[in-house]
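Work through the exercises below with the sequence and the coordinates at hand. Each task is followed by a solution that goes step by step.

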Amino acid sequence: MSASTWTSTSMPYLTPRKREQGDAWSADAAAQGRRGTQRIVHAGEVPAPAEVARLLGVPDGEPVVVRRRLILLDDEPNELTDTYYPTAIARGTPLAGTAKIRGGAVTLLAELGHVGVLVREDVTAALPEDEEQETLRLTPTDPVLRLTRLTLDADDEPIQVDRMVMSAQGQQLRYEIRIG
């Protein structure tokens, strides 16, 4: 595997951390000898896009809370991530603001009583949309991976939807699943 290949695993991003541990992305990047940072470009309530509304089980256009982030690897754009939450969970919490959340959003969700127990991820490949192309510094023919992650709690209620877009070049997605 070349130095420019990035292996992404989901588990560190799904489990609560201790607040002093910082966020999962910074720790994941550091473990691979890299520097991971993120910039929150928007946070607050927005009308739910159709796919997000379906996954969260709310009507199209109903308000949801979103955190839009530009994920940087070694100070270069690496990924765009929009994380959506039902307003009943996120309204009035730090999830609806642009400040960094110590320990990450999953840690805060757990502190608020919302722990994910089932995650479904769908990955597709496509060409980038104009904004993705510009932000991620891609050409119109550079393929991207789109990962949509739905997190459900113990009652099978959706607590979070992540929509991520990353260049397909140099990406490797690794899934480790323990059965039983």
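**Exercise 1: A partly exposed valine and its patch**

V115 counts as partly exposed because its relative accessibility is 39%, where buried means under 20% relative accessible area, exposed over 50%, and partly exposed in between (1.4 Å probe, protein chains only). The model is a predicted one, in which local features need pLDDT of at least 70 and side-chain atom pairs count only at pLDDT 80 or more, while totals for chains, interfaces and linings use all residues. Residues are numbered from 1 along each chain as its sequence is written, and side-chain values use heavy atoms, with hydrogens and water left out.

Task: locate V115 in the chain and state which residues make the nonpolar surface patch with V115.

Solution. Begin with the secondary structure, in which helices (H or I, at least four residues) and strands (E, at least two) are DSSP runs numbered from the N terminus. V115 falls in the loop between α4 (105-111) and β5 (118-126). Next, apply the patch rule, which takes residues with over 30% relative accessible area and no salt bridge, joining nonpolar side chains (Val, Leu, Ile, Met, Phe, Trp, Tyr) within 5 Å and like charges within 9 Å. V115, V117 and L118 then make a nonpolar surface patch of about 250 Å², with areas from the Shrake-Rupley method and a 1.4 Å probe, only the protein chains shown counting as cover for residues.

**Exercise 2: Salt bridges across the sequence**

Task: count the salt bridges, and find which parts of the chain the pair R35 and D75 ties together.

Solution. A salt bridge is a side-chain nitrogen of Lys or Arg within 4 Å of a carboxyl oxygen of Asp or Glu, and by this rule the count comes to 8. One of them joins R35 to D75, with 2.7 Å between the closest N and O atoms. R35 lies in the loop between α1 (24-31) and β2 (36-47) and D75 in the loop between β3 (63-73) and β4 (76-86), so the pair ties together parts that are 40 residues apart in sequence. R35 is partly exposed at 46% relative accessible area, and D75 is partly exposed, also with a value of 46%.

A further salt bridge is formed by the side chains of R163 and E51, at 3.1 Å from N to O. This pair links distant parts of the chain, with R163 in strand β7 (residues 158-167) and E51 in helix α2 (residues 50-56), 112 residues apart.

The side chains of R68 and D82 also meet in a salt bridge, again at 3.1 Å from N to O. Here R68 in strand β3 is linked with D82 in strand β4, 14 residues away. R68 is partly exposed at 27%, whereas D82 is buried at 18%.

**Exercise 3: The sheet and a buried aspartate**

Task: give the strand order of the open sheet, then describe the surroundings of D162 in strand β7.

Solution. Taking two strands as paired if DSSP finds at least two bridges between them, 6 strands form an open antiparallel sheet in the order β2-β3-β4-β7-β6-β5. Because β2 and β5 stand at the edges with a single partner strand each, one side of each is left without a neighbour in the sheet. Within this order, β4 and β7 pair in the antiparallel sense over 6 bridges, and L80 stands opposite V165 in β7.

Turning to D162, this residue of strand β7 is buried at 3% relative accessible area. E121, R149 and D162 are linked in a network of salt bridges.
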